[in-house]
Amino acid sequence: MDRKVALITGAGRGIGKAIAKELALKGYNIIINYNTSEKGAKDLYEDLKVLRLDPMIVKCDISNEAEVKAMVDKAMDKYGHIDVLVNNAGIAIDALFFDKKVEDFRKTFDINVIGTFLVSKYVGDKMYQNKYGKIINISSTNGINTYFPMCADYDASKAAIISLTHNLAVQFAPYVNVNAIAPGFIATESEIGGMDEEFIKLEEEKILLKRAGTEQDVANLVNFLVSDQASFINNEVIKIDGGIYGDC
Ligand code: NAP
């Protein structure tokens with residue numbers, strides 16, 4: 001059976017891993033991209049093998065064009081098509097605004113924006129030729145209406161991802177649906193790892209549903225957006241944040 005194939009960047013941990021597992025459960029062969037989380041990627045690979053799927057692992061720094069091109073070539077050699085791309089990989093460098101360095105800004109943009117551009121460029125081209133594809137970019141509510149000067153570079157990068165989403169939708173029309181997801185507060189290890197209980201509670205109080213989101217909440221939305229039920233949703237940005245009081 002020729003299964004659909006999904007490439008998830010940053011699938012070795014956090015939200016990316018949850019998305020990879022969810023799509024695997026829906027029968028996709030998964031291209032597990034990682035940069036430093038080798039163990040997480042290998043554990044996921046073994047889990048997917050148990051499901052009798054045929055995944056592959058590719059170590060690739062998405063900000064490096066040669067590595068991205070090699071990753072896409074390798075995936076095309078194995079499967080011949082890539083049907084879904086989830087640009088999930090991203091970083092945030094927290095530092096007080098006046099301590100923020102030009103290097104922080106450049107690194108954040110290199111990975112979050114240029115990385116998303118590069119993977120979309122090489123995969124989008126294959127999807128266009130195949131006349132089928134779904135690209136989902138993981139932005140953030142920080143790219144829309146939540147601002148913290150401590151992560152000014154991150155916020156700007158996530159806004160740029162939304163702009164990029166619209167350009168990609170135009171570039172790859174009419175064959176590829178391109179949408180962005182903008183999560184709010186999602187309780188991944190890297191997000192809440194350094195937070196004390198009290199701060200987490202304060203953040204949750206701001207959310208109408210009075211809880212942080214889970215990795216699975218985001219994976220469920222990805223699963224819907226790549227499904228046939230969502231085939232007319234294109235060039236859209238969908239927030240997933242539990243609702244914020246006063247937000248409209
Ligand atoms: P995370 O646990 O910190 O994971 C980040 C992922 O990005 C890791 O898998 C990491 O791979 C990958 N990555 C970083 N640099 C990379 C590079 N140069 N090349 C390839 N992969 C790279 O973060 P998360 O909380 O799951 O967040 C995932 C995405 O959701 C991010 O884009 C984040 O900005 C966005 N988001 C998160 C939240 C939240 O509250 N958690 C809210 C809004 C948006 P390795 O570990 O292999 O290096």
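Which residue has a polar backbone atom 3.1 Å from a nitrogen atom of the ligand? Keep that in mind as you open the model, which is a predicted one.

**Stop 1: the ligand and its backbone neighbours**

Select the ligand, then Ile62: a polar backbone atom of Ile62 sits 3.1 Å from a ligand nitrogen, which answers the opening question. Next, add Asn35 to the selection. Here a backbone N or O atom is 2.8 Å from an oxygen atom of the ligand. Then pick Gly184, where a polar backbone atom and a ligand oxygen are 3.4 Å apart. Now show the surface of the ligand: on its own the ligand exposes 890 Å², and the protein buries 93% of that.

**Stop 2: the shell around the ligand**

Widen the view to the 29 residues around the ligand; those that come nearest are Arg13, Thr36, Ser37, Asn88 and Tyr154. Try colouring this shell by residue type, and you should find 12 nonpolar, 13 polar and four charged residues. Then switch to a cartoon and highlight α1 (14-25), β2 (29-34), α5 (152-171) and α6 (189-192), since each of these elements contributes at least two residues to the shell.

**Stop 3: the aromatic pairs**

Leave the ligand and look for rings. How many aromatic pairs does the structure hold? There are three, and we will visit two of them.

Start with Phe97 and Phe98, an edge-to-face pair with 5.2 Å from centre to centre and 90° between the planes. Check how open each residue is: Phe97 is partly exposed at 45% relative accessibility, whereas Phe98, at 80%, counts as exposed.

Now select Phe105 and Phe109. Their ring centres are 6.0 Å apart and their planes meet at 15°, so this pair is stacked; the angle falls under the 30 degrees that stacking requires. Trace the backbone between them: both lie in helix α4 (residues 102-130), and because they are four residues apart there, about one helical turn separates them. Phe105 is partly exposed, with a relative accessible area of 33%, and Phe109 is also partly exposed, at 25%.

**Stop 4: Asp99 and a long step across the model**

Finally, click on Asp99, in the loop between β4 (84-87) and α4. Is Asp99 buried or partly exposed? With 49% relative accessibility, Asp99 counts as partly exposed, because the exposed class begins only over 50%. To finish, draw a distance from the C-alpha atom of Asp99 to that of Glu203: the two residues are 104 apart along the chain, and the viewer should give 24 Å.

Conventions. Residues numbered from 1 in each chain as written. Predicted model: local features only at pLDDT ≥ 70, side-chain atom pairs only at ≥ 80, totals over all residues. Heavy atoms only, no water. Near = heavy atom within 4 Å. Polar contact = N/O pair within 3.5 Å; in protein donor to acceptor, adjacent residues only side chain to side chain. Areas by Shrake-Rupley, 256 points an atom, 1.4 Å probe, with all protein chains shown as cover. Nonpolar A, V, L, I, M, F, W, Y, C, P; charged D, E, K, R; others polar. Phe/Tyr/Trp six-rings, centres within 6.5 Å; stacked < 30°, edge-to-face > 60°. Buried < 20%, exposed > 50% of the residue type's maximum accessible area, 1.4 Å probe, protein only.
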